[in-house]
Amino acid sequence: MIYKLTYESDACVPFEKLGVDAILASARDHNKILNITGCLVYHNGAFVQILEGEKEEVHKLFKSIEKDPRHANVRLVSEEYDKKRSFSNWNMAYFDTSLEGLSKSDIENFERNLLMLAEFSDRLSTTVNMFWLNVRKVMLNLKLA
Ligand SMILES: Cc1cc2nc3c(=O)[nH]c(=O)nc-3n(C[C@H](O)[C@H](O)[C@H](O)COP(=O)(O)O)c2cc1C
């Protein structure tokens with residue numbers, strides 16, 4: 001079984017100063033060693049990230065990500081075991097909603113899903129799974145993945 005953890009956070013510095021490319025480059029190297037896959041989404045100054053792998057490794061990584069001063073207000077959304085990974089081909093996929101090519105309805109759909117995620121309180125994994133399924137679908141459509 002694969003352990004999946006999803007959290008949300010707010011970026012602390014303006015996007016240009018975040019150095020997302022550097023975060024991703026080191027995250028991908030590091031995650032590969034830990035056999036962790038996942039996806040990082042950036043939307044309107046906020047992050048949503050899913051980490052998938054062995055429970056202990058995912059927790060350890062999350063503890064270190066939580067302390068990262070580049071973001072704050074880190075909220076755990078869900079933790080669960082699943083049969084398979086959602087992002088098996090990516091040590092850390094990245095999706096920025098301001099990227100060219102995203103249609104108005106893609107954005108609207110994304111924001112609806114994000115709201116559902118924020119209201120997620122029933123401890124059911126359906127909402128979170130739907131959110132990541134949609135992210136994957138949009139990324140595949142845009143040939144980002
Ligand atoms: C939004 C965000 C997502 C991150 N995702 C990862 C990640 O998936 N893997 C990773 O190794 N580091 C990630 N980092 C960087 C970690 O917070 C941290 O800098 C890195 O693990 C090195 O930690 P260390 O200095 O304690 O070794 C992320 C940072 C931010 C701000």
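Helices (H or I, at least four residues) and strands (E, at least two) are DSSP runs, numbered from the N terminus. The model is predicted: local features need pLDDT of at least 70, side-chain atom pairs count only at pLDDT 80 or more, and totals for chains, interfaces and linings use all residues. Residues are numbered from 1 along each chain as its sequence is written, and side-chain values use heavy atoms, with hydrogens and water left out.

**Figure 1. Overall fold of the protein, with 5 helices and 5 strands.** From the N terminus on, the order of elements is β-α-α-β-β-α-β-β-α-α. The C-alpha trace spans about 40 × 35 × 30 Å along its principal axes. The radius of gyration is taken over C-alpha atoms, and the globule rule is 2.2 Å times the number of residues to the power 0.38. For 145 residues, a compact globule would have a value near 15 Å; the protein has 14 Å, which agrees. Contact means heavy atoms within 4.5 Å. Among contacts between residues at least 6 apart in sequence, 80% join residues at least 24 apart.

**Figure 2. Surface and charge of the protein.** Accessible areas come from the Shrake-Rupley method with a 1.4 Å probe; for residues, only the protein chains shown count as cover. The protein exposes about 8400 Å², and carbon and sulfur atoms supply 52% of that area. Residue classes follow relative accessible area: buried is under 20%, exposed is over 50%, and partly exposed is in between (1.4 Å probe, protein chains only). Buried residues account for 43% of the 145 residues. Lys and Arg count as positive and Asp and Glu as negative, while His and the chain ends are not counted. Each charge is placed at NZ of Lys, CZ of Arg, CG of Asp or CD of Glu. There are 19 positive and 21 negative side chains, and the centres of the two sets lie 4 Å apart.

**Figure 3. A salt bridge between two strands, Arg 75 to Asp 10.** A salt bridge is a side-chain nitrogen of Lys or Arg within 4 Å of a carboxyl oxygen of Asp or Glu. The count by this rule comes to 6. In the pair shown, the closest N and O atoms of Arg 75 and Asp 10 are 3.4 Å apart. Arg 75 lies in strand E4 (residues 71-82) and Asp 10 in strand E1 (residues 2-11), so the bridge ties together parts that are 65 residues apart in sequence. Arg 75 is partly exposed, at 30% relative accessibility. Asp 10 is partly exposed too, at 27%.

**Figure 4. A salt bridge within helix H3, Glu 66 to Lys 63.** The closest N and O atoms of this pair are 3.6 Å apart. Both residues sit in helix H3 (residues 55-66), 3 residues apart, which separates them by about one helical turn. Glu 66 has 34% relative accessibility and counts as partly exposed.

**Figure 5. A salt bridge within helix H4, Lys 104 to Glu 108.** The N to O distance between the two side chains is 3.6 Å. The partners lie 4 residues apart in helix H4 (residues 104-118), about one turn of the helix. Lys 104 is exposed, with a relative accessible area of 66%. Glu 108 is partly exposed, at 40% relative accessibility. Leu 115 also has its place in helix H4. At 53% relative accessibility, Leu 115 counts as exposed. From Leu 115 to Met 1 the C-alpha to C-alpha distance is 28 Å, with their positions 114 residues apart in sequence.

**Figure 6. Loop residues Asn 35 and Asn 44, with positive phi.** Asn 35 is found in the loop between helix H2 (20-34) and strand E2 (37-43). Its phi is near 60°, a positive value in a residue other than glycine. Asn 44 belongs to the loop between E2 and strand E3 (46-53). Phi of Asn 44 is near 50°, again positive in a residue other than glycine. Asn 44 is exposed, with a relative accessible area of 65%.

**Figure 7. Surroundings of Glu 57 in helix H3.** Glu 57 is partly exposed, with a relative accessible area of 22%. Leaving aside neighbours within four places in sequence, Glu 57 is in contact with Leu 34 and Ile 36. Glu 57 and Asn 35 are 22 residues apart in sequence, and their C-alpha atoms are 8.6 Å apart in space.
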